[in-house]
Amino acid sequence: MIDCSHGRVLVVDDDPGIRTSLASFLEDYDFKTMAAQNAEEALELLTNESFDMAIVDLRLPGMNGEAFVLRAHELLPELRFLIYTGSVSYCLSDELVQIGLRPEHVVRKPLTDLSVLLECIEDVLQRKDQSNER
Amino acid sequence: MYVRLLTKRREVKVPVANSLDSKFFCLCIFAMFLCVLVGCGRDEDPLTPEERAWLDAHDRKIVLAGESGWPPISFLDENGRFAGINADYCRLIEQRLGFRFKIEKVGSFQKILDKAQAGQVDVIMGLMPTPKRSQFLSFTEAYFEISSVILTRRDRAGPLTCDDLAGERVAVAEGFVYVDYFKDNYPELKLIPVATTVEGISRLSAGEFDAMVAELPTSSYIIEKEGLTNLRVAGFAGQKVHLAIGCRKDSPHLQSILSKGLALISDRERVAIHRKWIGLRQEVQRPTILSVLLPFAACLFAVVLIVVAWRSKRKRRLRRAAAEGEVPIGKLRAVVIKRKNLRVSLAVACILVLASLVLIVTIRRPPEDLLTPRERAWLREHEGQLVVAPDPHAPPIDFFDEEGNWKGIGAEMFMLVEKKLDIRFKVRRLDSWSQVMEKIRTGEVSAVSAVTKTPLRSEFMVFTEPYAITPAVIVTRKEYKGKLKLEDMRAMRIAVTKDYSLHEYVRTRYDYLDLVPVTDELTGLRMTSFGQVDAMLVYMADASYLVRKDGITNLRIAGETEYFSKLSIGIRNDRPILRDILSKGLAQITQKERDDIYRKWVHLGRIPFYQKRSFWLAASGVSAVVFAIVLITLAHSIGLRRMVAQRTTELSKELHERELAEEALGEANRKLLTLMGNLPGIAYRSANDRDWTFSFVSEGCAELTGYPPEDLIGSRRVSYHNVIHPDDRQPVWDQVQAAVKEKRPFILEYRIRTSSGEEKWVWEKGQGVFSPEGELLALEGFIVDTTERRKAEEELRNLRNYLRNIIDSMPSVLIGVDAEGRVTQWNRLAQRETGIDATSALGRKLEEVFPRLAVEMEKIHKAMAERQTQQDLKRPHQKEGVTHFEDVTVYPLVANGIEGAVIRLDDATERVRIEEIMVQSEKMLSIGGLAAGMAHEINNPLAGILQNVQVIRNRITGDMPKNTRTAEECGTTMEALRSYLERREVLSMIDSVANSGQRAAQIVSNVLSFSRKAEMKPTPNDIGELLDKTVELALSDYDLRKKYDFRKIEIVRQYDAGIPKVPCEASKIQQVFLNVLKNGAEAMAGNEDQKEEPRFTFRTRRQGDMVRVEIQDNGPGMSETVRKRVFEPFFTTKGVTAGTGLGLSVSYFIITKDHGGTMSVESEPGFGSTFVVCLPLKGAEQ
């Protein structure tokens, strides 16, 4: 198990209750966390700071989550993503699948136990490290 | 030359003697004739171009309603045509204006008014203008004025007024003006409206009312026509009726067109119409009886004379013979005795004749006082104040002779009226007519004896009916040749008597004429004679009288005017009662009295001999005498001849009579043969043998059988036996033999084969002819072709069967009922529904044979009354304990005037069920969609709550270095903080928030399943097994056990054998069953009135390509509203804590959405609930 407590995570969600609590939660587990309330703000952060991954809500004001993921991947091909959505019927689009997202990268709100998310994050970051090592 | 005299509205033409040249008279007549011809030929349109265009466009489209029960004003003649005074006016107007009405015959006047108000009728003739009617009609001038009278039966004596009728039943024709008049003026009358005057008078005669108010002419006409001798006219009703033409107010030109048409009808034509229809015939009858009786008496007398003459002659002869010794004395004596008998019978005859004459004279009823007590009282009150002023200078109508006595027609008429009524007027002699008019205006004079009604005079006078009519003529000197008309007299000075109606008429009509008013007619005529004026307008009667009296010889009649003076008695208009009195007096003057007066003044004894009644009496007497003489002569010569002829006659008589008899017999035979030959069938006489050998057969057999009579008589070429159809031969023989044996007639129907092989049906009636000894001589009878009738019957029967089949094949219950609700039609489904067959249902009351339709009787009557289909949809009714629904439709029968209805009953149970399911699934779908949308929205805030709670928990209970560090920075330790929070139970509160959040998340996730089509992995499952497993689950379920002990519930299983396995997701279906069981158990546990032990009944069976599962409980059941909402999400009858109310809706979606099945519930309060789940089998094959 790789220590990923120094992973850098960007949380993109327009709901402040979710955004801040999620950021706090991750901080408590020693992630370096930043939060953006929309895609535009997130993109700006991405150019200035470096992140390992982004947790993205799909329904965002302005640019939506999916477009943001594609745009961010263009800028930073190394960046990993988790989709965190309240929609029940959401399925990954072909474009997202092409850039490497899988159904297990989609997490549905509400999570009664946030450790599920934690596992997902760790899983994603671990894979990233593995691919980097390769 | 004549004056026309109105004698009680009946007119006679009486020639007038005149001193003017008779050649001129002929010329005048000719000229008048030419005038009329030219007048007729003149084609000047009285209408304006717009009116003409409108009229042409509406030819035959203007609807005129004519009443059918108001003779002689408006009724239908024997050919059903519109007749009477109105019809004649109507025809004249049509002729004058060149168009035709569209005549519509309407029964009663009220109906006409109703139609006019509804705009269905354009024109009504013969109605009185009233303000009420003016709201929708406009009126022409009145063309006819009639009095209204009170009619009663003869058994009621004395004159009557409206005041006498208080509280009595008085009939009036509905819609007539009287109705309102009496309501306003005599509210105490009990008015009974009748449809028509004819009906009213007939019913009055039958004793239904006490009196009737109708018009005088109508009453007398109907009484006479219908022979209602028990009725009489008892008095005037006080209401004069003016008949005008009413037309639709919204029609632009109609009123002015009809007014113009009416104006084009001349006085002469009007008089002719009135004369044609109105007359009191009774008056003529009395002289007729006399004139019949007198000739009869004369004849009787003549016969007596003849007999006497003949007898005396015979006596003479006998006496001579006796003297010569040819006849014995005894015979002579017998003759004398006979003569005595003759004398006696003669005396009796004379007495009889005398007695009948006396009887006729006494039958004349003694005069009764015509006046009502009120009128009589009025007269007494005004005795000595009544003054009559005649025209002083208008002979022969009114004038004063040298001694100052009032003379003339008017004078005598008036005096006669005085005599009849036993009243006395003072006669006042005034100087001129103008003065007469002046005095009556001021009231010094009460009445004028002879005056013509004019509009101007009507302002201050009222008038009786006219009693004489005379035309106004133009008189000039003889040197004026040619014919004159008023419009041609512009350049002439024309004298006219001042203030005469003629004056008023000419002045207003021909204002361009140069009129010279003169004081009296004689003055005017003299002025004309002397050349002071060119012409004089004067009444013909006056002119002829004056010219002759005054010996003026240089005048002639140059032309006629269109004006007729109608002479009435005029009365001051403030005394209408006097008018009624004088009218009655005038009405009492008989024809003969009038004739006498006119003859005296106008006629001067020159009545043509054939117009005198005495002439006819004399003539009939003379002819009777002549006839008697001829008879005497004949009798004499016959007496002589008879003696000679007697012997010869006796000899040849016998021979002759025999010849006659034979001839008559031959003639009768021939007639009989011809008659029989013409019969369409066979008349026959035959022997009673197997061949039915005919001895006689009529010509008709050729047409019926194709064989001429010669072939059949004696069975020469063919026997009738062979003509009969082979199958019918024996039955015919048997029936005839049976009848003959009993000596009764026989009637047969059988088939024959004609010579061409055609089959025909015949009907035969015959009987045996027997000798006095009872021996059968022959058969006689008649055979007629009934093939056509048979065929028609057959077709009718087929048609009836066909229709019956159609009705029977209908998938609805069809029942026909009549107006009383009796069954007239009963189809097969009705039979099946009720178990009563058509034959026993027909004619019975609907509610007896179909009790559940009893509540529909109201609808049935409504349908019949309003002629509109009535519906009662989805009517529930119980059948074998199950609620069924049916649609009831009631169709009224409107054809052929049959009152009745057809009731259609359709079973709507299935439809109602499907509708309910559809509504349910529709509703659930929309709710599902809504819930899903909402769930998504709720997920975000829920996530916020849950995440924050976890973060809070982490930061309190987690042993993260950050927690310890921050606590230290705050001067405390995590342990202290935790112990505080634990002691204050904050942590459990946080857990509780987390719990609530999780429950909410669960609900949302459940709701989301409504819209989400789950990925199903159906496997074949035995439904029974699934049910049993669910019960086990329920028994072990902790939650369930907590609330009710499931083991106490009895389970009855009714599983059909051989039900195939159903493709479904077992866990989901179990979830559904569990939900249903929970629901049922809860219901049974919560039911305090539970009488039976709680019980579930499981049933499974196959239903088409579905498997049907029923889970029935014996709980309290549900009300209709609950039943309809039970599947709705969040709908619950339980307390808040008991559940989310989602169980059944989740179940519903599992069955309907995930498995494509149906889920419903049947329940009624008190009878438990049954949940029905149907799952398709088809999924297995797919």
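This report describes the two chains of a predicted model, first as wholes and then through selected helices and residues.

Residues are numbered from 1 along each chain as its sequence is written, while chains are lettered from A and ligands numbered from 1 in the order in which they are written. Because the model is predicted, local features need pLDDT of at least 70 and side-chain atom pairs count only at pLDDT 80 or more, whereas totals for chains, interfaces and linings use all residues; side-chain values use heavy atoms, with hydrogens and water left out.

**The two chains**

Chain A has five helices and five strands, where helices (H or I, at least four residues) and strands (E, at least two) are DSSP runs numbered from the N terminus. Along its sequence, chain A follows the pattern β-α-β-α-β-α-β-α-β-α. Chain B holds 41 helices and 43 strands. The table sets the chains side by side; there, buried means under 20% relative accessible area, exposed over 50% and partly exposed in between (1.4 Å probe, protein chains only), and contact means heavy atoms within 4.5 Å.

| Chain | Residues | Buried residues | Share of contacts with a separation of 6 or more that join residues 24 or more positions apart |
|---|---|---|---|
| Chain A | 134 residues | 49% | 66% |
| Chain B | 1182 residues | 43% | 65% |

The structure holds zero disulfides over all chains, a disulfide being a pair of cysteine sulfur atoms within 2.5 Å. Two cysteines can be described by their surroundings: Cys91(A) counts as exposed because its relative accessibility is 60%, and Cys970(B) counts as exposed because its relative accessibility is 59%.

**Helices in contact in chain B**

Helix 36 (residues 1023-1036) of chain B and helix 38 (residues 1066-1086) of chain B pack at an angle of about 60 degrees, with their axes 9 Å apart. Axes here are lines fitted to C-alpha atoms, for helices over the stretch in contact, and angles run from 0 to 180 degrees between N-to-C directions. Helix 36 of chain B and helix 38 of chain B are therefore oblique to each other, since angles under 35 degrees count as roughly parallel, over 145 as roughly antiparallel, 65 to 115 as roughly perpendicular and the rest as oblique. The residues that make this contact include Leu1026(B), Leu1027(B) and Lys1029(B) of helix 36 of chain B, and Ile1069(B), Phe1073(B) and Leu1077(B) of helix 38 of chain B. By class, the residues of the contact divide into 10 nonpolar, two polar and one charged, where Ala, Val, Leu, Ile, Met, Phe, Trp, Tyr, Cys and Pro count as nonpolar, Asp, Glu, Lys and Arg as charged, and the others, Gly among them, as polar.

A second pair is formed by helix 32 (residues 909-957) of chain B and helix 40 (residues 1143-1154) of chain B, whose axes come within 11 Å and cross at roughly 110 degrees, so that helix 32 of chain B and helix 40 of chain B are roughly perpendicular to each other. Among the residues making the contact are Met924(B) and Leu925(B) of helix 32 of chain B, together with Tyr1148(B) and Phe1149(B) of helix 40 of chain B. This contact has four nonpolar, four polar and one charged residues.

Helix 32 of chain B also contains Glu910(B), which counts as partly exposed because its relative accessibility is 45%. In helix 6 (residues 177-185) of chain B, the buried residues include Val177(B), Tyr178(B) and Phe182(B).

**Loops and backbone**

Leu58(A) sits in the loop between strand 3 (53-56) and helix 3 (65-75) of chain A, and Leu58(A) is buried because its relative accessible area is 11%. Leaving aside residues up to four places away in sequence, Leu58(A) touches several residues, including Asn64(A), Ile83(A) and Tyr90(A).

Most residues other than glycine have a negative phi, and most peptide bonds are trans. A cis peptide bond joins Lys109(A) and Pro110(A), with omega about -10 degrees, and another cis peptide bond, with omega about -5 degrees, joins Pro71(B) and Pro72(B). Lys743(B), which is not a glycine, has a positive phi of about 55 degrees and is found in the loop between helix 26 (726-741) and strand 29 (746-753) of chain B. Lys874(B) has a positive phi near 50 degrees and lies in strand 34 (residues 870-879) of chain B.
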